[in-house]
Amino acid sequence: MKSFKLILIAILSSLGLTAYGGDTYKVDPVHSSVIFSIKHSGVTDFYGNFRQISGTVTFDAAADLSKSSMEFTVPVEALDTRNEKRDQHLKSPDFFNAAQFPTISFKSNKIEATGDTYKISGDLTLHGVTKPVTADFKKGAESKGQKGEIRNGGEARFRITRSDFDMKFMIGPLGDDVNIIVSVEGVKQ
Amino acid sequence: MFLLKQILPATVMAMMVAAGVCSLALFWGKERAHGVLGPLAIGIAYGIGHLFVVGPVSFPPADTTNWLPYLALAAAVLGASSAASTIKAWARVLIFALVSVGALRLLLRPKFQYGWSLGEGWVWVACLGSAIVLLAIILDALTRRSVTAIEIPAYLLIICTGTMGALMLSGSVLLGQLAAVLGAAVFGSLVLIARQVGLDRGIVPVFSLLTSALLVSGYFFAALPATSAALLAFAPVPALIPVGTPGRFSSFGIRAGLVAIPVAVAVTLAFLSSPPLDY
């Protein structure tokens with residue numbers, strides 16, 4: 001009788017967790033991208049990316065969105081603009097200062113539905129400065145991977161002003177506004 | 001042209017502030033003026049110039065390089081007070097050593113956080129702190145041996161110019177700009193020469209600490225070669241070599257040339273080992 005009660009509690013607890021916490025996905029770095037663009041010489045944008053991203057997403061649109069959350073970490077050393085000299089300069093104290101601030105991180109604090117898409121608000125820590133940002137998030141479709149694992153994801157787009165993050169070098173020749181796209185694919189845990 | 005636009009406002013400001021503070025020396029007693037106003041001029045001018053380069057700085061600053069304006073003021077007060085009082089030499093060295101160790105601990109926080117073990121970090125701090133104290137002792141000896149008012153500012157300007165060049169070549173224009181600001185502060189203090197007053201030992205803590213901090217930042221956070229950093233830090237050493245020429249200006253010229261040699265080598269090494277920013 002006692003073991004039956006324990007089993008019942010365990011089942012109810014796991015149901016409760018699913019209902020309130022949503023599904024948790026671990027970011028698959030191979031199929032996720034972090035892309036940024038910034039205006040050069042006032043002409044047009046050039047694009048760069050970070051080759052690595054890690055993090056977790058807990059998301060369940062059908063349940064309570066307030067229980068959903070997203071956390072990402074991007075190593076600055078993974079920066080790639082297809083030009084080694086430029087990458088080295090961008091990692092220097094003039095810009096990202098990778099030796100002092102080796103990671104960029106984001107932690108959501110609010111997710112709300114806006115029709116087919118979502119607004120994700122959270123804190124972005126870049127160059128040692130933490131500021132609130134809001135991203136437009138478009139959810140992807142759920143699918144099964146080659147090993148039968150469940151995959152899901154989506155794409156977030158937002159814009160930051162780099163001087164807000166104390167990254168003020170070369171404003172003029174290089175724009176102050178930076179457009180960022182974070183496209184993540186996660187594997188259900 | 002962009003580089004000039006980026007560098008000029010801060011350097012001009014630092015120069016004007018240093019010249020303004022030093023101008024007080026023209027209206028104040030000579031003995032006290034050159035001891036107290038020299039370090040204050042350079043410290044305050046550097047602090048203001050630094051803020052011109054990077055903008056407002058939070059406290060505590062996230063970027064440890066932004067401790068430099070605070071350190072400049074602390075070192076300036078230390079330099080001014082040691083020049084105005086009769087503190088014993090060993091006590092001055094001890095106080096400066098403690099300030100240097102504290103400054104290095106603040107500057108190298110990210111290395112303690114992400115790179116080194118605690119023991120490894122403190123070994124680095126102790127070694128670099130000893131090097132800064134050694135540089136201060138060398139500069140102190142030079143201030144006592146200088147024969148013309150322009151001698152010490154000239155050596156400091158040569159070192160600042162080399163530090164600026166080496167840092168810019170090592171991938172950080174920002175740190176190079178800060179070295180330019182320090183050079184501009186020293187240049188502004190040339191106002192003192194109008195009364196044949198040289199920069200005396202009071203400026204030693206300010207200059208030693210700021211130059212070393214810039215070189216340490218260049219080595220650990222940019223790509224300044226260790227050899228370049230060491231050559232720039234100890235560039236004043238050849239000026240201690242006795243020069244057997246009769247004229248005081250010719251002997252100063254030779255000593256300035258000797259200081260310029262390691263500086264030129266340091267810049268060349270930085271040029272050879274770092275990729276230019278010509279993308």
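Biologist: How many residues of chain B are in contact with chain A, and how many of chain A with chain B?

Modeller: In this predicted model, 21 residues of chain B are in contact with 18 residues of chain A. On the chain B side, helix H5 (109–115), helix H8 (173–188) and H9 each give two or more residues. By class, that side has 14 nonpolar, six polar and one charged residues.

Biologist: Happy to hear about H9. Why are H4(B) and H9(B) called roughly parallel?

Modeller: Helix H4 (residues 89–107) and helix H9 (residues 203–221) of chain B pack at an angle of about 25 degrees, with their axes 11 Å apart. Angles under 35 degrees count as roughly parallel, so H4(B) and H9(B) get that description. H4(B) passes H9(B) in a right-handed crossing.

Biologist: Which residues of H4(B) and H9(B) meet?

Modeller: From H4(B) come B:Phe96, B:Ser100, B:Ala103, B:Leu104 and B:Leu107, and they meet B:Pro205, B:Leu209, B:Ala213, B:Val216 and B:Ser217 of H9(B). Eight residues of this contact are nonpolar, two are polar and none is charged.

Biologist: Now to the loops. What makes A:His127 count as buried?

Modeller: The cut-off for buried is 20 or more other C-beta atoms within 10 Å. A:His127 has 21 C-beta neighbours inside 10 Å, so A:His127 counts as buried. This residue lies in the loop between strand E8 (117–126) and strand E9 (129–139) of chain A. Its phi is near 60 degrees, a positive value in a residue other than glycine.

Biologist: And A:Ser41, how do you know whether that residue is buried or exposed?

Modeller: By the count again: a residue with 12 or fewer such neighbours is exposed. A:Ser41 has 10 other C-beta atoms within 10 Å, and is therefore exposed. A:Ser41 is found in the loop between strand E2 (33–40) and strand E3 (44–50) of chain A, and has a positive phi of about 55 degrees although it is not a glycine.

Biologist: What is the backdrop for flagging such backbone values?

Modeller: Most residues other than glycine have a negative phi, and most peptide bonds are trans. A cis peptide bond joins B:Phe59 and B:Pro60, with omega about -5 degrees. B:Pro60 is in the loop between helix H2 (30–54) and helix H3 (68–84) of chain B.

Biologist: One last point: which residues have the most contacts inside the largest nonpolar core?

Modeller: That core has 130 residues, and those with the most contacts inside it include B:Ala14, B:Ala18 and B:Ile42. Not counting residues up to four places away in sequence, B:Ala18 touches B:Ala41, B:Ile42, B:Ala45, B:Ala185, B:Gly188 and B:Ser189.

Definitions and conventions: Residues are numbered from 1 along each chain as its sequence is written. Chains are lettered from A and ligands numbered from 1 in the order in which they are written. This is a predicted model: local features need pLDDT of at least 70, side-chain atom pairs count only at pLDDT 80 or more; totals for chains, interfaces and linings use all residues. A nonpolar core is a set of buried Ala, Val, Leu, Ile, Met, Phe, Trp, Tyr and Cys residues joined through C-beta atoms within 7 Å. Two residues are in contact if their C-beta atoms, placed from the backbone, lie within 7 Å. Axes are lines fitted to C-alpha atoms, for helices over the stretch in contact, and angles run from 0 to 180 degrees between N-to-C directions. Helices (H or I, at least four residues) and strands (E, at least two) are DSSP runs, numbered from the N terminus. Angles under 35 degrees count as roughly parallel, over 145 as roughly antiparallel, 65 to 115 as roughly perpendicular and the rest as oblique. A crossing is left-handed if the near helix is turned anticlockwise from the far one by less than a right angle, and right-handed if clockwise. Ala, Val, Leu, Ile, Met, Phe, Trp, Tyr, Cys and Pro count as nonpolar, Asp, Glu, Lys and Arg as charged, and the others, Gly among them, as polar.
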